[in-house]
Amino acid sequence: MLHPAALLFILNLMDALLTILWIRQEIAPEANRLMGLLIEAGELKFLFVKLAIGLIASIILWRWEKLKLARYGLLLALTIYLFVIIIHFAIAIIAINVI
């Protein structure tokens, strides 16, 4: 079974790739101003930093998963990323004029 920390990293990767897609297609901007500045510096820089942050967070939350704070943090991060992915799917639906 997939560890929740691995799922967090996968959701982070999906967010990064979909963000690049929406920006390339001029469908949506990066919502995070700091990441927006980073993506303006280059997609590879953006991807590297975003994935590095996600990987470090996932490893920390996995390593200390026995701590209640880490479990709550992982649950919070997964919940936030779930909403982010829902937003990405909503953007995709609007972009292809399904609604």
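**A pocket among helices in a predicted four-helix chain**

Helix H1 (4-24), helix H3 (43-63) and helix H4 (68-95) each contribute at least two residues to the lining of the largest pocket. The model examined here is a predicted one. Among the contributors to this lining, H4 provides the largest share, with eight residues. The space in the largest pocket amounts to about 580 Å³. Its lining comprises 28 residues, and those closest to the centre of the pocket are Asp15, Glu30, Lys50, Tyr81 and Val84. By residue class, the lining divides into 18 nonpolar, seven polar and three charged residues. As a general point on how such space is located, a probe the size of a water molecule, rolled over the atoms, shows where empty space is left.

The setting of this pocket is the chain as a whole. The chain contains four helices and zero strands, and the order of its elements from the N terminus on is α-α-α-α. The C-alpha trace spans about 45 × 35 × 25 Å along its principal axes. Of the contacts between residues at least 6 apart in sequence, 65% link residues that are at least 24 apart. The accessible surface of the chain is about 7,200 Å², and carbon and sulfur atoms account for 75% of that area. Of the 99 residues in the chain, 29% are buried.

Some of these buried residues form nonpolar cores. The largest nonpolar core has nine residues in all: Leu8, Leu11, Leu61, Ala70, Leu74, Ala77, Leu78, Tyr81 and Ile85. Both H1 and H4 supply at least two residues of this core, and H4 gives the most, with six residues. A second core, separate from the largest one, has seven residues, including Ala16, Ile39, Leu47 and Leu51.

The surroundings of individual residues add detail to this picture. Setting aside residues up to four places away in sequence, Leu8 touches Ser58, Leu61, Leu74, Ala77, Leu78 and Tyr81. Tyr81 therefore appears in three places: as a contact of Leu8, as a member of the largest nonpolar core and among the residues closest to the centre of the largest pocket.

Thr19 offers a second example from helix H1. Thr19 counts as buried because its relative accessible area, 6%, falls under the 20% cut-off. With residues up to four places away in sequence again left out, Thr19 touches Glu30, Ile39, Phe46 and His88. Of these contacts, Glu30 is one of the residues closest to the centre of the largest pocket, and Ile39 is included in the second core.

Conventions. Residues are numbered from 1 along each chain as its sequence is written. This is a predicted model: local features need pLDDT of at least 70, side-chain atom pairs count only at pLDDT 80 or more; totals for chains, interfaces and linings use all residues. Side-chain values use heavy atoms; hydrogens and water are left out. On a 1 Å grid over the protein atoms alone, a cavity is a set of points where a 1.4 Å probe fits but cannot get out, and a pocket is an open set with protein on both sides within 12 Å along at least five of seven lines; lining residues have an atom within 4 Å of a point. Grid points are joined across faces, edges and corners, and a volume is the space filled by probe spheres set on the points. Ala, Val, Leu, Ile, Met, Phe, Trp, Tyr, Cys and Pro count as nonpolar, Asp, Glu, Lys and Arg as charged, and the others, Gly among them, as polar. Buried means under 20% relative accessible area, exposed over 50%, partly exposed in between (1.4 Å probe, protein chains only). Contact means heavy atoms within 4.5 Å. Accessible areas come from the Shrake-Rupley method with a 1.4 Å probe; for residues, only the protein chains shown count as cover. A nonpolar core is a set of buried Ala, Val, Leu, Ile, Met, Phe, Trp, Tyr and Cys residues joined through side-chain atoms within 4.5 Å.
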